[in-house]
Amino acid sequence: MELEKYNFILKLNQIFKKGYVPSRGAKDYFALHNGSCIAEYINCFGHACFNLTDELIKMAQFSYHEAGIFFNILGNEVYSNGRKVCDKMFNFVRETGLSVDECGLYDQMRYNQWKVAFYIDKGGDANNVARGDIHFMLQEKDGKWSSKMGTAKTLQYFRELPRVFFCDYDLYGIYKITNPYVESESANQLLLQA
């Protein structure tokens with residue numbers, strides 16, 4: 001498992017070192033890869049934090065087991081508070097070479113940054129104790145927020161960021177992810193044409 005995780009992180013790092021920034025756009029996850037629907041490879045975390053196109057997923061030759069890491073970052077550990085859950089998830093993002101910082105809802109992003117929202121299913125617990133599930137949303141270039149539920153093929157869109165999602169998922173924080181390898185706005189276009 002550790003070797004698969006290392007290889008997966010390395011593949012993600014190579015994609016972002018080439019200058020990729022989220023550019024999937026309003027495209028659902030129906031494409032096939034290695035005989036399975038790409039939706040089975042990408043959950044809310046993979047959608048929001050990495051937002052890979054179908055072409056990049058195929059080009060990177062992700063195995064089903066590697067991509068399953070998106071679903072198992074927290075493992076079986078029990079976390080007593082939201083900060084620890086948040087740190088664990090975003091430490092994985094940092095391992096791929098990206099940076100993560102808290103930001104405000106209305107902060108403007110540069111061409112190499114994107115905004116994600118992090119939710120915790122705490123079931124109304126005032127101490128912010130996670131009940132074992134989390135959710136992420138991505139702010140699209142048009143300002144809407146997109147959400148992917150688990151292995152679902154389709155995305156949901158919200159004009160405004162919900163404070164509570166799916167009854168018990170409370171907004172924990174808003175973060176900007178930065179690809180430090182991007183040197184210009186045109187770098188992403190070069191990667192997509194490759």
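Is Phe165 buried or exposed? At 4% relative accessibility, Phe165 counts as buried, because buried means under 20% relative accessible area. The model described here is a predicted one, and the protein in it has 194 residues, of which 48% count as buried. Six helices and nine strands are found in the protein, and among contacts between residues at least 6 apart in sequence, 71% join residues at least 24 apart.

**The nonpolar cores**

- In soluble globular proteins, nonpolar side chains tend to be buried together.
- The largest nonpolar core of this protein has 48 residues, and those with the most contacts inside it are Phe45, Phe50, Leu52, Phe90, Phe92, Val93 and Phe136.
- At least two residues of this core are supplied by each of helix H1 (2–17), helix H2 (44–49), helix H3 (54–59), helix H5 (82–95), strand E4 (113–121), strand E5 (134–139) and strand E9 (169–178).
- Helix H5 gives the largest share of this core, which amounts to six residues.
- Leaving aside residues up to four places away in sequence, Phe50 touches Leu12, Phe16, Tyr20, Pro22, Phe45, Phe70, Phe92, Val93, Thr96 and Leu98.
- A second core, separate from the largest one, consists of 10 residues and includes Cys103, Trp145, Leu161 and Tyr169.

**Aromatic pairs**

- The count of aromatic pairs in the protein comes to 24.
- One of them joins Phe70 and Phe92, whose ring centres are 6.5 Å apart and whose planes stand at 75 degrees, so the pair is edge-to-face.
- Because Phe70 lies in the loop between helix H4 (64–67) and H5 while Phe92 lies in helix H5, this pair ties together parts that are 22 residues apart in sequence.
- Phe70 and Phe92 are both buried.
- Another pair is formed by Phe165 and Phe166, with ring centres 6.0 Å apart and planes at 35 degrees, so this pair is tilted.
- In the pair of Phe165 and Phe166, Phe165 counts as buried at 4% relative accessibility, whereas Phe166 counts as exposed at 58%.

**The loop between E8 and E9**

- Phe166 has its place in the loop between strand E8 (164–165) and E9, and its phi is near 55 degrees, a positive value in a residue other than glycine.
- Cys167 is also placed in the loop between E8 and E9, and the phi of Cys167 is near 75 degrees, again a positive value in a residue other than glycine.
- At 71% relative accessibility, Cys167 counts as exposed, because exposed means over 50% relative accessible area.

**The largest pocket**

- The volume of the largest pocket is about 480 Å³.
- Its lining is made up of 26 residues, and Met109, Lys115, Gln139, Glu140 and Gly143 are those that lie nearest the centre of the pocket.
- Strands E4 and E5 each supply at least two residues of this lining, and the largest share, three residues, comes from E4.
- Sorted by class, the lining of the largest pocket holds 10 nonpolar, seven polar and nine charged residues.
- E4 and E5 thus appear under two topics, since each supplies at least two residues of the largest nonpolar core and each supplies at least two residues of the lining of the largest pocket.

Technical notes:
Residues are numbered from 1 along each chain as its sequence is written. This is a predicted model: local features need pLDDT of at least 70, side-chain atom pairs count only at pLDDT 80 or more; totals for chains, interfaces and linings use all residues. Side-chain values use heavy atoms; hydrogens and water are left out. A nonpolar core is a set of buried Ala, Val, Leu, Ile, Met, Phe, Trp, Tyr and Cys residues joined through side-chain atoms within 4.5 Å. Buried means under 20% relative accessible area, exposed over 50%, partly exposed in between (1.4 Å probe, protein chains only). Helices (H or I, at least four residues) and strands (E, at least two) are DSSP runs, numbered from the N terminus. Contact means heavy atoms within 4.5 Å. On a 1 Å grid over the protein atoms alone, a cavity is a set of points where a 1.4 Å probe fits but cannot get out, and a pocket is an open set with protein on both sides within 12 Å along at least five of seven lines; lining residues have an atom within 4 Å of a point. Grid points are joined across faces, edges and corners, and a volume is the space filled by probe spheres set on the points. Ala, Val, Leu, Ile, Met, Phe, Trp, Tyr, Cys and Pro count as nonpolar, Asp, Glu, Lys and Arg as charged, and the others, Gly among them, as polar. Rings of Phe, Tyr and Trp (its six-membered ring) pair if their centres lie within 6.5 Å; planes under 30 degrees apart count as stacked, over 60 as edge-to-face and the rest as tilted.
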